[in-house]
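Visitor: Could you show me how to read a few features of a model?
Guide: Gladly; let us look together.

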Amino acid sequence: MQVDTLIKNARVALETDVSEMDVGLRDGRIIALAADSTGISADETIDAAGKLLLPGAIDIHFHCRAPAYPQRGDFATETRAAAAGGVTTVFEMPISKPCCATGDVFRMRKALGERDAYVNFGLYGAPGLLDRGEIDDMVSEGAIGFKIFMTAAPKGRDDEFEGLCLPQAPELYQALNLVAETGLVCAVHAENNQLLEWHTAQLIQANRNDVPAHGESRPPHVEALAIATLLALNESIGANLHIAHVSGAEALAVIRRFKATGSTVSAETCPHYLFFTEADLERCGPYAKINPPLRKEADQAAIWDGLLDGTLLAITTDHSPFLVEEKERAREDLWAAPPGAPGVEELLLGVMHEALSKRISVNKAIELVATNGAKRFGVYPERGVIAVGAAADLVIYDPEAETTIHRDMLFTQARDCDKLYDGMSFKGKVERTIVNGKTVFHDGDIVGAPGDGQFVRPDAARVQQVF
Ligand SMILES: [Zn+2]
């Protein structure tokens, strides 16, 4: 057998175990998985003895906002960061200018990604214009799913969110009906708008401008109430809902209750809720201003439990690049600084650190950052798994090395906003990232090119309903 690339002697993370194998790649796919590769000849052989071979991570919640605000980051800069972090596919949220809520905007963003992306990408659409024709157009173009906010647009950013924000129940009801017809997944940013506006008004009236006031404006019940409203509304509709960035115990408890009575909802959390708490606000200031906010240690423990018992399907980054000047606005006016932080370069490191520390198995880590997301969104078994026939999206991971995050090594354009992780050390290291059979990151350097990433479209018939 002839292959393009043969990866030898790696400990391969298969779906149910980790075993030493040789892996042959040809034309962007995995075509051989063998305990012994005698008889396979290769153009390129990589000796991965002592290394783990992992499926590349699939970040199902990612932002670069191209082509709006290129100074914050674009498809090229932010997918280079993804490649450096061992993320081989990103699902990009529709926040842009204009918001990705029509077929025309979708096509324009798709062409941009195909030109510029270093890793594979899927694109969400926004259904909030409540226009069936536009929704159908985005589906036929290959939308990976839809995204809805139950909040109003952040202050001063209405243009980026037009078609995304559905704070009123009647519009939300209509949007859920429209996305249910598509069979695709609809991710939801669930916070109750009336309550958070009321809490915010109280805090502004009290002249609060300290960063913890942001957390107080969106306490746990703001998130829990929105999820309960959403899931109750969806009972008779049956859309494939996915709760974005679950941050704490109360939200998780609501999801558990609905799942126990047959709701097909899925949910994710993010590394910042797993590795940081509100105690980090003092150190990071507005750079840790994120929606929903960082919470307490008890919430962090609850989120870990939710991952372990399967209530939470995936860990995603919500990677959100902004400018230092934008985050620094908080010094004058906390409420005017945009929420969000970068993190795509630390996703796999963080989760694999927990695997190498034996908190979770390597297989569980890979489920959480790759396989489950691929199954939920309908791109499995093409992506998210190391198997014969799957795309050759792979990471060679050195379990013996250590990685300490320093802003100079980061590829995200928002490296100066990455205060949460700056100085943090992880067990293990992303040694090489392979996208569609081609090495795009190796030994600290980007070696891929814009356009190496492919557009990823889902198969609605493969969207997995129950986890
Ligand atoms: Zn987000």
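Visitor: In which order do the strands of the open sheet run, and what is the pairing?
Guide: Strands of a sheet pair through backbone hydrogen bonds, either parallel or antiparallel. In this predicted model, local features need pLDDT of at least 70, side-chain atom pairs count only at pLDDT 80 or more, and totals for chains, interfaces and linings use all residues. Residues are numbered from 1 along each chain as its sequence is written. Here eight strands form an open sheet with parallel pairing, ordered E6-E7-E8-E9-E10-E11-E12-E13. Strands (E, at least two residues) and helices (H or I, at least four) are DSSP runs numbered from the N terminus, and two strands pair if DSSP finds at least two bridges between them.

Visitor: Which are the edge strands?
Guide: E6 (57-62) and E13 (314-315), each pairing on one side only. Elsewhere in the sheet, E7 (residues 87-92) and E8 (residues 120-125) pair in the parallel sense over four bridges, and phenylalanine 91 stands opposite glycine 122 in E8.

Visitor: Where does the largest nonpolar core lie?
Guide: In soluble globular proteins, nonpolar side chains tend to be buried together. A nonpolar core is a set of buried Ala, Val, Leu, Ile, Met, Phe, Trp, Tyr and Cys residues joined through C-beta atoms within 7 Å; buried means 20 or more other C-beta atoms within 10 Å of a residue's own, placed from the backbone. The largest has 153 residues, with Leu53 and Ile227 having the most contacts inside it. Domain 1 (2-54 + 386-446) and domain 2 (56-383), with bounds from an automatic or database domain assignment, both contribute residues, so this core lies between them.

Visitor: Is H15 largely enclosed or open?
Guide: Largely enclosed by the rest of the structure, because 14 of its 16 residues are buried.

Key
Buried ≥ 20, exposed ≤ 12 C-beta atoms within 10 Å, placed from the backbone.
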